Amino acid sequence: PPEHSLKAGKVRPLALCVFRHEGRIFVAQGHDRTRDHTFYRPLGGRIEFGERGAETVVRELREEIDADIKVDRYLGLLENIFTYEGQPGHEIVLVYEGHFLDPTILTRESVEGRDDDQPLFTAYWLPLTFFTAPAAPPLYPDGLLELLLTTSSE
């Protein structure tokens, strides 16, 4: 989910990693309290200066869920202009696909994400078809669902 430190008028560079397994994807659940709106997003985070996008997702997954991953490939770039908690946001998102080095994560019902020992999010394995159903909650960033439906997992 978007960080709470959005800076008005700033474009935020992000890198996210999609994990697929048996028709499911691994996504964090987010909630916008101002709109009472639940949504989902792959894990990752802000690209730091001098850091490549693939390095970002490796670092973020290690920091947030203590998981080691391998980035398999770059899927594409998405632009996301949105409002979260009443604040405008603008992100340029590098999307990667990867896999967990610890296969036990594939069987876990949920995984808690933490930042400095504070709860950050809960991530779940959800069927990709969950997001194509009528009235399904959105999968962010905008355009990600279409990207995933047009690229097969390797």
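## Exercises on the cores and the sheet

In this predicted model, the largest nonpolar core holds 20 residues, and those touching the most other members are Phe19, Phe26, Leu43, Leu61, Ile65, Ile69 and Phe100.

**Exercise 1.** Determine which elements each supply at least two residues of this core.

*Solution.* Strand 1, strand 3 (24–32) and helix 1 each supply at least two residues. The same holds for strand 6, strand 7 and strand 9 (118–127). A second core of 18 residues is separate, and Ile25, Leu78, Val93 and Leu147 are included in it.

**Exercise 2.** Identify the contacts of Leu61, leaving aside its neighbours within four places in sequence.

*Solution.* Leu61 is in contact with Phe19, Leu43, Ile69 and Phe100, residues that are also listed with Leu61 among those touching the most other core members. Gly44, Asp66 and Ala67 complete the contacts of Leu61.

**Exercise 3.** Establish the strand order of the four-stranded open sheet and explain why strand 5 and strand 6 each have one side without a neighbour.

*Solution.* The order is 5-1-7-6, with mixed pairing. Strand 5 (43–46) and strand 6 (69–84) stand at the edges; each has a single partner strand, so one side of each lacks a neighbour in the sheet. On average, neighbouring strands are turned by 20 degrees against each other, direction ignored.

**Exercise 4.** Describe the pairing of strand 1 with strand 5, and the placement of helix 1.

*Solution.* Strand 1 (residues 12–18) pairs with strand 5 in the antiparallel sense over four bridges. Within this pair, Leu16 stands opposite Gly44 of strand 5. Helix 1 (residues 53–65) lies across strand 1, strand 5, strand 6 and strand 7 (87–100). Helix 1 runs at about 115 degrees to strand 5.

Definitions and conventions. Residues numbered from 1 in each chain as written. Predicted model: local features only at pLDDT ≥ 70, side-chain atom pairs only at ≥ 80, totals over all residues. Heavy atoms only, no water. Pairing = 2+ DSSP bridges. Axes fitted to C-alpha atoms, helices over the stretch in contact; angles between N-to-C directions. Contact = heavy atoms within 4.5 Å. Core = buried A, V, L, I, M, F, W, Y, C linked by side-chain atoms within 4.5 Å. Buried < 20%, exposed > 50% of the residue type's maximum accessible area, 1.4 Å probe, protein only.
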